[in-house]
Amino acid sequence: MPEFTIIMPCFNAAKTLNESIGSLLSQSIRDWELICIDDGSTDETPKILKGWEAADKRIKMLRNQGKGPSAARNMGAHYATGNILCFCDADDLWVPKKLEFLHREFKAERVDGLFGRVAFFRKRGKADTHSRMPSAPLSVPLLMGENPVCTTSNISIRRKIFLQSGGFDVNLVHNEDLEWLIRLVGSGATLKGLDELH
């Protein structure tokens, strides 16, 4: 059983998918599985995913037939075997030590979830801006004003805690991550920010 399960919803992601998966293959920690959920793509996404599945036994492809990103992520969590769930969208990139940072912190502290800083790019090259760490712990009032996690690709959570939360609201296609974070923190879960680029 791997330490990490990475869940990647994919919809018409052929242009970015190889680079996103490549950033996962570059991780300094290799104890992970990747569950890619094709959400009814009409481009080359399914073909690309089948190729990756054949090339690396850690990569699995599932089909969700257009039910949306929340349902796709929930489906991935259901099939996950790792103790820690990480989410990565099919157009995002991870720094090579992200899983190493997470491994260190999950072992050192009793936290339910972790997130880091995010770099935002308009085009390849230097980042246009970086997210900042909040000075206070994540709370419902803080999340109502600003979401320092920024993107679902920046959150990692113990699988048991994710399943207890009920997962993402499948009726939402926008801000589903923020709504879930508010429910999560409101129920008493502890989420820690790491002042490292993830």
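Student: Which loop does Asn175 lie in?
Tutor: Keep in mind that we're looking at a predicted model here. Phi of Asn175 is near 60°, a positive value in a residue other than glycine. As for its place in the chain, Asn175 sits in the loop between helix 6 and helix 7.

Student: Is Asn175 buried or exposed?
Tutor: The cut-off for exposed is over 50% relative accessible area. Asn175 has 53% relative accessibility, so it counts as exposed.

Student: Which loop holds Cys150, and what is its phi?
Tutor: Most residues other than glycine have a negative phi. Cys150 isn't a glycine, yet its phi is positive. The residue is found in the loop between helix 5 and strand 8, and its phi is about 75°.

Student: How accessible is Cys150?
Tutor: Partly exposed is the class between under 20% (buried) and over 50% (exposed). Cys150 falls in that class, as its relative accessible area is 30%.

Student: Which residues of helix 7 are buried?
Tutor: Helix 7 covers residues 176–186. An α-helix has 3.6 residues a turn, so residues three or four places apart point the same way. With that in mind, scan the buried set along the helix: Glu176, Asp177, Leu178, Trp180, Leu181, Leu184 and Val185.

Student: What covers those buried residues of helix 7?
Tutor: Both helices and strands turn up in the cover. Among the strands are strand 8 (155–158) and strand 9 (191–197). The helices include helix 3 (69–79), helix 5 (140–145) and helix 6 (159–165).

Student: What phi does Gly188 take?
Tutor: Gly188 comes just after helix 7. Its phi is positive, at about 105°.

Student: What is the strand order in the sheet of seven strands?
Tutor: This sheet is open and its pairing is mixed. Its edge strands, each pairing on one side only, are strand 3 (59–63) and strand 9. Neighbouring strands are turned by 25° against each other on average, direction ignored. Reading across, the order is 3-2-1-4-8-5-9.

Student: In which sense do strand 1 and strand 2 pair, and which residue of strand 2 stands opposite Ile6?
Tutor: Strand 1 (residues 4–10) and strand 2 share seven bridges, in the parallel sense. Opposite Ile6 in strand 2 stands Leu34.

Student: At what angle does helix 4 run to strand 9?
Tutor: Helix 4 (residues 98–108) lies across strand 1, strand 2, strand 4 (84–87), strand 5 (113–117), strand 8 and strand 9. Relative to strand 9, helix 4 runs at about 140°.

Student: Which residues have the most contacts inside the largest nonpolar core?
Tutor: That core has 27 residues. Helix 1 (17–25) and helix 4 are among the elements that each supply at least two of its residues, while strand 1 gives the most, with four. The residues with the most contacts inside the core are Ile6, Met8, Leu17, Leu34 and Leu99.

Student: What does Leu99 touch, leaving aside neighbours within four places in sequence?
Tutor: Leu99 is one of the best-connected residues in that core, having been listed among those with the most contacts inside it. Its partners are Phe4, Ile6, Gln27, Ile29, Trp32, Cys86 and Trp94.

Student: What separates the C-alpha atoms of Gly40 and Cys10?
Tutor: Gly40 lies in the loop between strand 2 (32–38) and helix 2 (45–55), and it touches Phe11, Gln65 and Gly66, not counting residues up to four places away in sequence. Gly40 and Cys10 are 30 residues apart along the chain, and their C-alpha atoms are separated by 8.4 Å.

How values were computed. Residues are numbered from 1 along each chain as its sequence is written. This is a predicted model: local features need pLDDT of at least 70, side-chain atom pairs count only at pLDDT 80 or more; totals for chains, interfaces and linings use all residues. Side-chain values use heavy atoms; hydrogens and water are left out. Buried means under 20% relative accessible area, exposed over 50%, partly exposed in between (1.4 Å probe, protein chains only). Contact means heavy atoms within 4.5 Å. Two strands pair if DSSP finds at least two bridges between them. Axes are lines fitted to C-alpha atoms, for helices over the stretch in contact, and angles run from 0 to 180 degrees between N-to-C directions. A nonpolar core is a set of buried Ala, Val, Leu, Ile, Met, Phe, Trp, Tyr and Cys residues joined through side-chain atoms within 4.5 Å.
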